[in-house]
Amino acid sequence: MDRDRFFALSPELLATTEPDDRFHELSPAWTRCLGWTLDELRARPWIEFVHPDDVAATRALRQADTQPVHFVNRYRHKDGSYRWLSWSGSRMVDGTSYAVARDITEAKRTEEALRESEERYRELFDNAKDLNYTHDFAGNFTAVNNAAERISGYSREEALQMNIAQIVPPEYLDAVLPWVLRAGAETTTATYELEIVAKDGRRVPLEVNSRVIFRAGVPVGVQGIARDLTEQKRIEAALQVQREQLREDVDVTAALARVGSEMITSLATPVVLERLCRLTTEVLPCDASHIYLWQPGEEAYVPMSGHGHTPEQWEAMRVMKFPLALIRPLHEQLEREELVQVRRADARGRRALAMFRPGGTNAIMFVALRRAGELIGVLSASYLSRDESFTPQQLRIARGIAQLGSFALENARLVEELERADSFRSDFVATMSHELRNPLTVIMGYNELLLDGTFGAVSDEQADILRRANKNALELLDLVNATLDLSRFESRQVPLNQEVVAIDTLLDEVGAEMQAVSRKKQLAVQWEVSSEPITLSTDPVKLRMVLKNLIGNAIKFTDEGQITVCAHTRDGGVEFRVSDTGIGIPSEALELIFEPFRQVDHSPTRRSGGAGLGLYIVRRLVEMLSGTITVDSEVGKGSSFSVWLPRRAHRAHASGNESA
Ligand code: ADP
């Protein structure tokens, strides 16, 4: 192949240059590489294509003695960019040069990128927020980043002189050492938490991710990234405190809710006092609790109730009195503060403890019980054998109990005051009724004597007036009797005398008693009793009173037609029904007629006497017999009263003691 063809066909960048510094022969690859035509490349001295920064070095090479020369420089592309070329060339004696070049632009770029990424890596390593380090298997640091100083207080220079054993405390080192200091460890990565001792002695918690580093397949050391957990631990600790606070709040609320719900149902002072002490020992919790109430007359605190002691201890306590002179400091402190805690540790505390609990109490707290801000007593809670003081949570609960207790005691006092007033009123009414009844019966007695002619004959007209006077006196007597009954109910003096009652016998008796009344009005009373014998365990006197009242009303408010009385079993009890064909009751009045002193017709022309107490008494009696009463009525058609009684009355209804 001749020389021209060789140049024309070569894929390499081949060139010869003349001593006049111009290209002579060029392979076509040059055009592919630099964009210029071969003629354009030959038209100017080749040095003009060289990057200005490389010109000097390239010229210098031309003077070099060694042959061939190798060098790298940049050539201008037709588009203005530069290509990196790697040259090998030789100069002949005649000044002609032969050269072959290789386009290494891509390789240069890759190299550049690598260098940049290395720099970036260094920078990342150096300036990372986390502590980055490497150490050899002897534990000597071989690299650390800038975070080292911020986290440990040691500068990079100092750290590089150190061994991990100098900053990792032994308890962690023992755990970490086997892994990090053993060449050829089975695992090559590990994550763990430890603490380091900073230059100022502070302990810094770290989370470490480390791995074994290899060089040419041989493990040479460990690289680690350690995150500073100080802030995280601080937040965790704060959260934990919050969680505990919340749990405490929930516990306190639950404890007080329990005290509150039990207190609500306590109406009598002794019950309140007893429950307060028991609840205090249970919800606080503590070993014993007592209540001392202030007795103004005696100027002393007196133990009223207690929980958590033996009966003998209580016997000893209840006879004690704490005169103000003896406990003035405590009294005065409680006037100012809600709560006073006394520990065995302080001298005054020891005296107080000895006084309030001879023998054994280790810690005691006193909480003020108040009425309208005034100190009325003290609730105490104590540990007998445990040698601890009360926690803040217990103090909170105790304060709450004392508030609820003060409230319950005040309630109990008000209820008792009301009851006293109520029973006074009932006593008054009962006495008055008695006083009224006696002269009335005397008046009626004289009337009868007059009518009988005992004091001489009376004219028809006089007899008529006497009869009317008698009728009015009778009504008045009814009224007085009803009032007396009512007052007995109100003062809850009515006992329940339960016995087995045969219904048919009872109805026969009632029928006989009512006969005179019904005959007067010429009304038929129909008795309907089921054929099988029915018995009830109830108070027969009260049941008779109920039936007589209902039948009496039926007769009173019925002019014609009939009265029906029936009894049959229903729902595990017996139902009595008294129906009439009388005037009926308007629906809006149905609910009111069972209230005391309620009557449907208030007009002066009212035909029937009565005090409006009958149905009220009936309702109360039925309640005492554990039964129910209902009414059905239509104006002008008649009324029907139904009383249902259970087979057996429950005692609780008649006991009248609703406060327990
Ligand atoms: P009183 O002493 O007035 O009868 P009660 O309490 O027995 O008092 O009854 C209250 C009112 O209910 C009566 O005044 C009357 O208006 C009405 N009442 C009670 N029973 C009947 C009845 N069987 N028919 C119509 N009205 C009745």
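Which helix or strand gives the most to the shell around the ligand? That would be α17, with three residues. Keep in mind that this is a predicted model.

## Around the ligand

Counting everything that surrounds the ligand, you get 21 residues, and the closest are Asn553, Asp580, Gln599, Gly612 and Leu615. Sorted by class, the shell has ten nonpolar residues, seven polar ones and four charged ones. Besides α17, which runs over 540–556, both α18 (614–624) and β23 (638–646) supply at least two residues of the shell.

## Polar contacts and burial of the ligand

Let's look at the ligand's oxygen atoms. One contact goes to a side chain: an oxygen atom of the ligand sits 2.9 Å from an N or O atom of Asn553. The backbone joins in too, with a polar backbone atom of Leu615 at 2.7 Å from a ligand oxygen and a polar backbone atom of Gly614 at 3.3 Å from a ligand oxygen. As for how covered the ligand is, on its own it exposes 530 Å², and the protein buries 97% of that.

## The largest nonpolar core

The largest nonpolar core has 44 residues, and the members touching the most others are Leu550, Phe576, Phe641 and Leu645. Quite a list of elements each put in at least two residues: helices α15 (460–490), α16 (503–520), α17 and α18, plus strands β20 (562–570), β21 (573–579), β22 (628–634) and β23. Once again α17 comes out on top, giving this core seven residues. So α17 is worth a look from both sides, as it gives the most to the ligand shell and the most to this core.

Phe576 is a handy residue to click on. Skipping its neighbours within four places in sequence, Phe576 is in contact with Ile503, Leu536, Leu543, Leu547, Cys566, Ala567, Phe641, Ser642, Val643 and Leu645. Two of those partners, Phe641 and Leu645, are also among the core members that touch the most others.

## A second core, and Ser380

There is also a second, separate core of 32 residues, which includes Cys286, Ala363, Leu395 and Ala412.

Now for Ser380, which lies in strand β16 (residues 374–383). Is Ser380 buried or exposed? Its relative accessible area is just 1%, so Ser380 counts as buried, the cut-off being under 20%. Leaving out neighbours within four places in sequence, Ser380 is in contact with Ala288, Ser289, His290 and Tyr292, and also with Ile364, Met365 and Phe366.

Key
Residues are numbered from 1 along each chain as its sequence is written. This is a predicted model: local features need pLDDT of at least 70, side-chain atom pairs count only at pLDDT 80 or more; totals for chains, interfaces and linings use all residues. Side-chain values use heavy atoms; hydrogens and water are left out. A residue is near a molecule or strand if one of its heavy atoms lies within 4 Å of it. A polar contact is a pair of N or O atoms within 3.5 Å; within protein, one must be able to donate a hydrogen and the other to accept it, and residues adjacent in sequence count only if both atoms are side-chain atoms. Accessible areas come from the Shrake-Rupley method with a 1.4 Å probe; for residues, only the protein chains shown count as cover. Helices (H or I, at least four residues) and strands (E, at least two) are DSSP runs, numbered from the N terminus. Ala, Val, Leu, Ile, Met, Phe, Trp, Tyr, Cys and Pro count as nonpolar, Asp, Glu, Lys and Arg as charged, and the others, Gly among them, as polar. Buried means under 20% relative accessible area, exposed over 50%, partly exposed in between (1.4 Å probe, protein chains only). Contact means heavy atoms within 4.5 Å. A nonpolar core is a set of buried Ala, Val, Leu, Ile, Met, Phe, Trp, Tyr and Cys residues joined through side-chain atoms within 4.5 Å.
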